[in-house]
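The following note sets out points for discussion on the structure shown below. They are grouped by element and by residue.

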Amino acid sequence: MKFTDGFWLPRPGVSALYAQQAYDIEAVDAALVVTAPTSVIRERGDTLNRPSITVTVNSPLENVIRVRAEHFAGGAAPRGFALVGAEEGSGVASVENGTGILTSGALSARVTPGAPWNLSFEAEGKRLTGSGHKSIGTVKVAPGAQVEDGPVGAARTPGATTSYFHHQLDLGVGEQVYGLGERFGPLIKNGQTVEIWQADGGTSSEQAYKNIPFYLTNHGYGVFVNDTGHVSMEVGSEAVERVQFSVPGESLEYLVIYGPTPKQILERYTQLTGRPASVPAWTFGLWLSTSFTTNYDEETVTGFIDAMAERDLPLSVFHFDCFWMREFNWCDFEWDSRVFPDPEGMLERLHAKNLHVSVWINPYIAQRSPLFAEAKAGGFLLKRPNGDVWQWDLWQAGMALVDFTNPDARAWYQSKLRRLLDQGVDAFKTDFGERIPLDVDYFDGSAPDRMHNWYTQVYNQAVFEVLQEKRGKGDAVVFARSATAGGQTMPVHWGGDSTSSFESMAESLRGGLSLAFSGFGFWSHDIGGFEGTPNAAVYKRWTAFGLLSTHSRFHGSDSYRVPWIFDGPNGESLDGGTSATDVARIFTRLKLRLMPYIYAAGLEATNRGIPVLRPMQLEFPSDPGVAHLDRQYMLGTDLLVAPVFSAAGDVDFYLPDGTWTNYFTGEVVTGPGWRHEVHGFDTVPLYVRDGAVLPIGAREDRPDYDYLDRLTLELYAASDSSPSQEVTVTNPEGVSATFTVTRANGTASVTSSGAGAWSARVAGGASVTAAGGKAEVAL
């Protein structure tokens, strides 16, 4: 949202009052309270008829500083996010020679007395960012004034003057901004206008399903705007030297989070807003879906599952999309008896095949659903201000929305899910939750503009709560499309509606990297793309990418995604390379062998808030060569993946400093530098980091096995004499073993106690079976 016409002028119809000076600064308990008039006070008379802004600076967590700026404080405070990890009073406030200082850990906020207004954030003797002249302001926008090209639904009330509050923070030379949710455009957000407003716009638009008002920069800090409503971000766009964030109303609150490394920033952000729940091991295996509008019944489903087994394609989860329920009835939570006459028996038969089952749901009740009248009578649906149930015909005819702010509505909705879980359903795909109307009244009186983004949170909380109740913590999983800040606590999330092209495959990755920078630990995408039908090359390249992501699902819109339909009638490749079936088998088996490593990365996401799929900038923050990279990533700490985005197999990627080993060929390459490679469909650039020790599992038929049984530790080339390393492997039952690796004089000694049968080997070499808890291998 842009309020200015260039550097000097406001836009027509816009008037702004800015904090001009720190008139007085007080240390009150553990906070600084600053009175900031909107004009410089030179004499007593200047204090009259003069608006002022109250700025309060405190700390909810060590190395995190909160700033709250208010014009009028008498109204209801805008809804903020749940700061579940807050430890209030973590800072120390003081006023020294008139200067206000709030210190929290290594981070300090300094308010300079007098004019011009100057609030700076400093750490370890370095200024990180700050707000100066014309950076804090209350803005009035007259009817008809052009200030935004905002998303549908975020528009101002026609005919009314609208109040906004905005803040700006400096951007330094070479400073790059990342995050702000799952966004499919450029990974670096500089120069962009980003609207934090939930929308169902697909992966090929500027809109986003997962809007997170949090960003971090390569200068050692992150910023979290604590408002669940429409936050408009101008990232070095309106004011190219600053990031501006604005919200409707008379106040604004944000938090500056110090690192200095990106991982430390994410650790503190997720400590504050919540860390991902642990994800069950079975979810990391391959998911197969019915697809969306395809025709299917139990015979179709069983045929696909049996054909996967016949082709030796390990399958972990089968997903039933929308039409498990009868058309026009979504949601009634009833199996369509015309195609699934015996759902309990079918689910039992699927479980007998060692499969878990997922079903699609959304938070809407269609008018034709038998539940509509029940929900209306109970007062469980969102209402218009006149008391009518809010309805429209987009998506489902006459559909209404469940009002999750009503405890009885929440309990009613959850009761329908419990019945499905009792039948044998294991997981829910929690679709939708973005197009939430504004012309409604909520049961608890919540402001509709603040609920628009927040609705997805209460929806997914209701579902996740039931899953944890019925299945236990650690075995609950949703497959969610929409999310807001805090949504990372309820994994897994997937990228939404992509198209079946290499371009959409690339934009999906950009979305996943951006979401990783926003604190989300687990992420997936529709292999092959959702809309349309991919050609064989797109399908195979996306299969490799999908199976080297945290979660892997074959899913489409109007066509199936089983691998063999992308092969010839005799199973041969349609393009002369490796067949789609073989590609799926190769990369599924690879992922299952890597499960001890991937599962450990998942536990790190739960314990520290570090995502499993990681942007290069997260792992190599001191390497300027990675700053713009958005076509490769790290899977955990030690595996570099560069998906191939072409049929021919050409791929360019960057290796940071150190020794890297090609996982498939064993070739050792020294970075830093760019590489160009050409890959068939059976490989991708998959490089193992300098000095890594990869735990490799003994099974490739399922993801949820005992990783400590016949484990192999694979040692990779190191560029220098590394100190001893520790690698901890935890199996799905929670049993752990720690292995210590010491390299010296051309030999690696690996020791562990209580780990059972295991072995060690240099990558590409012969395995040495441990004896007495020790194995020695020649380097």
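**Notes on the predicted model**

1. In this predicted model, strand 33 (residues 633-635) and strand 34 (residues 639-641) run antiparallel and are joined by three bridges. Within that pairing, L635 has L639 of strand 34 as its bridge partner. Both strands belong to an open sheet of six strands, ordered 32-33-34-37-35-36, in which the pairing is antiparallel. The edges of this sheet are formed by strand 32 (613-614) and strand 36 (668-678), each of which pairs on one side only.

2. A further open sheet has four strands in the order 38-39-43-44, and its pairing is mixed. Here the edge positions are taken by strand 38 (693-696) and strand 44 (768-769), each with pairing on one side only. Strand 38 runs antiparallel to strand 39 (residues 711-715), with four bridges between them. One position in this pairing is L694, which stands opposite E714 of strand 39.

3. Helix 5 (residues 407-423) deserves separate comment. The helix contains 17 residues and spans 25 Å from its first C-alpha to its last, close to the 24 Å expected at 1.5 Å a residue. At its start, a side-chain oxygen of N406 comes to within 2.9 Å of the backbone nitrogen of D408. After the helix comes G424, with a positive phi near 130 degrees.

4. Which residues of helix 5 are buried? They are A409, R410, W412, Y413, Q414, K416, L417, L420, L421 and Q423. The list includes the charged-type names R410 and K416 alongside leucines such as L417 and L420. The packing partners of these buried residues are helix 3 (343-352), strand 24 (356-361), strand 25 (364-365), helix 4 (370-378), strand 27 (427-430) and helix 6 (448-471).

5. K189 merits inspection. This residue is in the loop between strand 15 (177-181) and strand 16 (192-196). K189 counts as buried because its relative accessibility is 0%. Leaving aside residues up to four places away in sequence, K189 touches V177, Y178, G179, L180, R183, V235 and S514. The contact with S514 links positions 325 residues apart along the chain, whose C-alpha atoms are separated by 9.5 Å. The side chains of K189 and S514 are joined by a polar contact of 3.2 Å.

6. Two cis peptide bonds should be noted. The bond from A115 to P116 is cis, with omega near -5 degrees, and P116 lies in the loop between strand 10 (107-111) and strand 11 (119-123). The bond joining P491 and V492 is also cis, with omega about 15 degrees. V492 is placed in the loop between helix 6 and strand 28 (493-494).

7. Positive phi values outside glycine also call for a remark. N49, which is not a glycine, has a positive phi of about 55 degrees; N49 sits in the loop between strand 5 (31-37) and strand 6 (52-61). S291, likewise a residue other than glycine, has a positive phi near 70 degrees, and is found in the loop between strand 22 (286-289) and helix 2 (298-310).

8. Are N49 and S291 buried or exposed? N49 is exposed, because its relative accessible area is 78%. S291, by contrast, counts as buried because its relative accessibility is 0%.

Key
Residues numbered from 1 in each chain as written. Predicted model: local features only at pLDDT ≥ 70, side-chain atom pairs only at ≥ 80, totals over all residues. Heavy atoms only, no water. Pairing = 2+ DSSP bridges. Helix = DSSP H or I, 4+ residues; strand = E, 2+ residues; numbered from the N terminus. Buried < 20%, exposed > 50% of the residue type's maximum accessible area, 1.4 Å probe, protein only. Contact = heavy atoms within 4.5 Å. Polar contact = N/O pair within 3.5 Å; in protein donor to acceptor, adjacent residues only side chain to side chain. Expected span 1.5 Å × (residues − 1).
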